[in-house]
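This report looks at backbone conformation and at cysteine pairing. The sequence and the structure come first, and the remarks follow.

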Amino acid sequence: MHELSICSSMLGIVRDNAAGRKVRAVHVRIGEMRQIVPDTLTYCWSLVTEQSELEGVELLVERIPAKIRCTGCGHEQLLNELAFICGTCSSSAVDLIEGDEFLITSLDLAGV
Amino acid sequence: MGRFHRHDDGHQHHHDHDHDHEHDHDHLPDHPHPDHEHGDHSGYATGTERVVVLERIFEENDQTAAANRRDFDDAGVTAVNLMSSPGAGKTTLLRETLRLLQGRLAVGIVEGDIETSIDADRLDGFGAAISLINTANGFGGECHLDAPMVRSALSRLPLAELDLLIVENVGNLVCPAEFDVGSHANAMVYSVTEGEEKPLKYPVMFRSADLVVVNKIDLIPHLDYDLDLFYANLKKVHPGVAIIEASARTGLGIDRWCDWLCELHRERHAEKAIG
């Protein structure tokens with residue numbers, strides 16, 4: 001969803017942080033709950049970087065699975081099926097602690 | 001389609017990250033990494049240097065959303081983002097809401113649609129201030145509202161005179177849930193004609209809502225619809241979410257929905273008085 005406009009946003013963030021230095025790769029972290037398709041994102045990235053100084057820069061996607069923590073017993077588990085229920089005590093008072101991420105974590109720049 | 005985030009106007013991004021809903025992965029060592037990730041942080045044998053960025057991609061939107069929220073707070077306005085699929089009944093619900101809230105709260109509406117002023121026109125005549133955004137008009141035809149779009153609409157509203165602002169988002173069960181528009185609460189209209197499995201198919205939307213209005217409840221006798229199954233599915237995806245059964249057409253439940261809005265506003269004012 002919106003992978004193309006997201007790549008345009010990312011372009012700006014990358015340029016800002018590269019500050020003129022040559023970029024080799026961009027590391028992006030996407031949680032499972034975000035409605036973004038990594039393959040589409042990397043494809044759109046190639047489109048927006050085409051014929052720019054960032055052409056050929058790899059987009060490396062780190063996918064974070066959704067994880068919940070029970071506010072009652074503290075048990076943490078991956079959200080394997082879509083059910084926000086503690087596997088240990090069956091409470092539905094759980095927090096989503098991982099899986100909502102969407103950020104550029106780092107850039108690999110060419111060494112001097 | 002899409003709006004471009006430009007950095008050539010010299011604006012800066014702050015790197016003191018205050019993550020409301022991000023989690024700092026540097027402290028969580030046990031999640032899986034694909035093979036090409038998180039290799040050697042120090043061994044730049046191939047002549048590369050890793051620069052930590054940690055910038056959320058929606059940061060620009062979220063900063064504008066925070067600015068919207070500040071403006072609402074300064075004006076004593078409570079803002080609600082109303083979302084649903086197309087045809088679930090947002091506009092009809094809003095029309096009845098305006099009718100019932102006359103004399104109770106001064107209401108403003110930010111009306112979002114890709115095209116036409118049809119919804120804005122339908123809401124006219126109840127004393128609400130209405131600001132229309134057609135996303136096809138200057139916003140690339142976006143299928144959702146975001147914080148900058150809503151901000152552009154605020155300049156056309158007398159915020160100081162309002163108590164409640166409702167943003168009627170573009171009909172869409174996917175994208176609006178991703179974009180904070182600066183509201184204090186999110187409400188969703190789901191209609192019984194949409195099928196019991198919708199919470200399972202659109203968990204992000206159903207989880208983004210503080211309240212789900214189950215609309216068109218009067219049609220159930222004419223449908224093969226299992227309300228208990230819907231509630232079971234909703235509970236799987238968003239346990240404990242507030243629910244109001246309603247029919248915007250017959251008026252059922254509209255009073256409870258208006259009470260929810262009034263209570264939200266009362267709570268915020270109490271917070272403001274203390275803070």
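## Backbone and cysteines

In this predicted model, B:Leu54 is partly exposed, with a relative accessible area of 24%. B:Leu54 belongs to strand β1 of chain B, which covers residues 48-56, and B:Leu54 shows a positive phi of about 50 degrees although it is not a glycine. Most residues other than glycine have a negative phi.

A positive phi of about 50 degrees is also found at A:Ala19, again although this residue is not a glycine. A:Ala19 sits in the loop of chain A between α1 (3-18) and β1 (23-31), and A:Ala19 is exposed, its relative accessible area being 60%.

Turning to the cysteines, how many disulfides does the structure hold over all chains? The count is 0 over all chains. A:Cys70, for instance, is in no disulfide, and the nearest cysteine sulfur, that of A:Cys89, is 3.6 Å away. In chain B, the closest cysteine sulfur to that of B:Cys143 belongs to B:Cys175 and is 3.6 Å away, which is too far for a bond, because a disulfide requires the two sulfur atoms to be within 2.5 Å. A:Cys70 counts as buried at 2% relative accessibility, and B:Cys143 is buried as well, with a relative accessible area of 18%.

The accessibility values are collected below.

| Residue | Relative accessible area | Class |
|---|---|---|
| A:Ala19 | 60% | exposed |
| B:Leu54 | 24% | partly exposed |
| A:Cys70 | 2% | buried |
| B:Cys143 | 18% | buried |

Notes
Residues numbered from 1 in each chain as written. Chains lettered and ligands numbered in written order. Predicted model: local features only at pLDDT ≥ 70, side-chain atom pairs only at ≥ 80, totals over all residues. Heavy atoms only, no water. Helix = DSSP H or I, 4+ residues; strand = E, 2+ residues; numbered from the N terminus. Buried < 20%, exposed > 50% of the residue type's maximum accessible area, 1.4 Å probe, protein only.
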